Amino acid sequence: MRLLNAHNLELVEFAGRDVPEYSILSHTWGKEEVTFEDLSGRGNGDFRRKLGFAKIEGCRRQTLDGRYEWFWVDTCCIDKYSSAELTEALNSMYSWYHRAAICYAYLSDVTGLSGSDDEWNALELKDSAFRNSRWFRRGWTLQELLAPRLIFFYDASWNYIDDRLGLSSLISEITAIGIDYIREPHAHIPSASTALKLSWASRRETLREEDIAYCLLGLMGVNMPLLYGEGGIKAFQRLQNEIMKDRYDHTILAWGLKKTKTPLRYWFGRVPLLASSPAFFDGWDPSVASMPPESAHYNATNLGLLIQLPIMFLDSEEEIALALLECCDSLSGYQVVLPLTVKHRPKGTPLGTRCRGISPFMVPLSSTTAPMMRSTTLYLHDTTDYETSNSQFDSTIDWRRLDEKGYRLADYFPPNKFHPAYPYRGFFRIRGGVGLLLRFRHKRLGDLLLLYCHNHDGLHTISDPVRIPGGYAVMALASSGPGKQQERQPYPTTAWELLLQPKFDKIDFEQLKASFQWGSTVDIISNSVIDPRSPTRPPPLLPPSEEALRFALTKTVGGEGDSILLVESPSPHENVPMQA
């Protein structure tokens, strides 16, 4: 590595054990940076007149004040016109920051600090320049925050702010990195899950799109060649493949996992097996960590990721499955399952893809030990575009009235029968008994489930209190109401979690009601619901309510398919009878 002499700014190259003690600068790039060409005599004009020289001079003075003779700055210590040197430097940068005696973090957009107590208290204000500094949003400064053993922060005028330890609580709030990783990064980072470390870069930006992957090389402990021009997605997926070579950690496959909600993703196009950017790990729950290996090793092939996982099939055709990943919540014991679409091959290992429209979710350990789980070897690969062609679907469903009332589609089952093409309309394919289960979420109200049965035998519950002989049914799960405290589950229930039993057409509505974290009642409204226990009882009236919406369903014939389901929303003051 090259170092700058703090006395005369001479560039000197060192190797191996000959590298002396040095300080290092962390900053964000700006206009008129001093380059390697400037300091090696190949630049144009006096580099001391450049705007970027002020940070070089400030770092030089701090280095001498700290009684060091050498310092390193990325703008001028790397020959960026040499691809070999650039690759070596970027693969070594994490260790260079770690080996430095001290790191000076220069925040060029933080100004006006005088050192008074009021100034330091102002740092914690929501709109403070320190909180909003670019330094906390750039990709490369993530490793510059965590790699050094000692780091001091300075404002634009080189006024000392504090060290990393003194600012650890505030930096943790700004970066969403756990405070233990800020205070003692070298003690805690080695045990952090892959997904957690990738999540730290989820809200950071880089000028070159490939750099969002390259800036993570040191933090993830891998090396790989730099291929500028390959694109950010390919670079990040190449990084993940390198990580999987060295580390057994299923959290890398669980991108999209959320503790507060399960987002609906990828309505169109390709669904990748591996995340396309660190943003896919945003909001990762730190308590979800990798488990000790129990399955065989996994490796990348030209057919996909060859892996062995416990799998539970949810349909009679064995096309839709839940794969149990070896990662769990260390606090609740919930384990991560990955929804898959499986294609069986007569003479080969099955092929699996991530299901469209549903992210991984958490299930209790009692579900993961079910007897229907069986160890299966398969190739996991990306979902291709042609698998979502609308020609596969023969009917449409329309929920614009729900959309108008604030309900948003959260998830659905099965994924191979439904394609949400618009915010309030989707296409589906009729086959088998139970056609569709859709879940809608509301910001204030509880969830709403929409169930469609095509088979004339309809849907029967285990205790048979309600039978839907065909048509549509809605289960509206109302809010608990003011003043009522309900015990919440550690993770939200999804439509898929209702299916953790051998037969999809054996849903116990009482168990369904009890499974929701909101602890609310279940109202079933349909154009064809029969209660065999009270066949002659007149239809009950649902009481008026300002808190919950109630829905009547109308089946009509539409021009875009065989049928369109329109969800009508009666006035809250109307009494809506349940049809017997």
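In the predicted model, Trp72 is in contact, beyond residues up to four places away in sequence, with Met1, Arg2, Leu3, Tyr22, Ser23, Ile24, Leu25, Cys77, Ile78, Met93, Trp96 and Tyr97. Trp72 is also listed, together with Tyr22, Phe153, Trp200 and Leu216, among the residues that touch the most other members of the largest nonpolar core, a set of 114 residues. Helix α4 makes the greatest contribution to this core, with 7 residues. A second core, separate from the first, comprises 12 residues, including Ile397, Trp399, Tyr412 and Phe418. In soluble globular proteins, nonpolar side chains tend to be buried together.

At the level of the whole protein, 16 helices and 27 strands make up the secondary structure. Of the 580 residues, 54% are buried. The exposed surface amounts to about 26,300 Å², of which carbon and sulfur atoms supply 50%. Among contacts between residues at least 6 apart in sequence, 67% connect residues separated by at least 24 positions.

Aromatic residues were examined next. The whole structure contains 18 aromatic pairs. One of them is formed by Phe14 and Trp70, whose rings are arranged edge-to-face, with 5.1 Å from centre to centre and 80° between the planes. This pair links distant parts of the chain, since Phe14 belongs to the loop between β2 (11-13) and β3 (23-26) while Trp70 lies in strand β4 (residues 70-72), 56 residues apart. Phe14 counts as buried because its relative accessibility is 17%, and Trp70 is likewise buried, with a relative accessible area of 14%. For Phe152 and Tyr160, the ring centres are 5.5 Å apart and the planes stand at 80°, so this pair is edge-to-face. Tyr160 has a relative accessibility of 38% and therefore counts as partly exposed. Both Phe152 and Tyr160 belong to an aromatic cluster that also contains Tyr104, Tyr106, Tyr154 and Trp158. A ring and a charge are brought together elsewhere: the charged end of Arg354 is positioned over the ring of Trp255, at 3.5 Å from the ring centre.

Strands β16, β18 and β19 are considered together. In strand β16 (residues 395-398), Ser395 and Ile397 point to one side and Thr396 and Asp398 to the other, and all are buried. Ile397 is also a member of the second nonpolar core. Strand β16 pairs with strand β19 (residues 425-428) in the antiparallel sense through 4 bridges, and Asp398 is placed opposite Arg425 of β19. Strand β18 (residues 418-422) is mostly covered, with 4 of its 5 residues buried. An antiparallel arrangement also relates β18 to β19, joined by 3 bridges. These two strands form a hairpin in which 2 residues lie between them. Tyr422 stands opposite Arg425, the residue of β19 that also faces Asp398.

In helix α7 (residues 168-175), the buried residues are Ser168, Leu170, Ile171, Ser172 and Thr175. These residues pack against α6 (140-146), β6 (151-154) and α8 (179-183). Directly after α7, Ala176 adopts a positive phi of about 60°, although Ala176 is not a glycine. Ala176 is located in the loop between α7 and α8 and is exposed, with a relative accessible area of 55%.

A positive phi also occurs at Leu9, where the value is near 60° in a residue other than glycine. Leu9 is situated in the loop between β1 (2-5) and β2. In contrast to the exposed Ala176, Leu9 is buried, with a relative accessible area of 9%.

A charged residue in a loop completes the description. Asp79 is found between α3 (74-77) and α4 (83-99). Because its relative accessibility is 14%, Asp79 counts as buried. Beyond neighbours within four places in sequence, Asp79 is in contact with Arg2, Phe36, Glu37, Arg42 and Glu85. Arg2 is also among the residues that Trp72 touches.

Technical notes: Residues are numbered from 1 along each chain as its sequence is written. This is a predicted model: local features need pLDDT of at least 70, side-chain atom pairs count only at pLDDT 80 or more; totals for chains, interfaces and linings use all residues. Side-chain values use heavy atoms; hydrogens and water are left out. Buried means under 20% relative accessible area, exposed over 50%, partly exposed in between (1.4 Å probe, protein chains only). Two strands pair if DSSP finds at least two bridges between them. Contact means heavy atoms within 4.5 Å. Accessible areas come from the Shrake-Rupley method with a 1.4 Å probe; for residues, only the protein chains shown count as cover. A nonpolar core is a set of buried Ala, Val, Leu, Ile, Met, Phe, Trp, Tyr and Cys residues joined through side-chain atoms within 4.5 Å. Rings of Phe, Tyr and Trp (its six-membered ring) pair if their centres lie within 6.5 Å; planes under 30 degrees apart count as stacked, over 60 as edge-to-face and the rest as tilted. A charge sits over a ring if NZ of Lys or CZ of Arg is within 6 Å of the ring centre and within 35 degrees of the ring normal.
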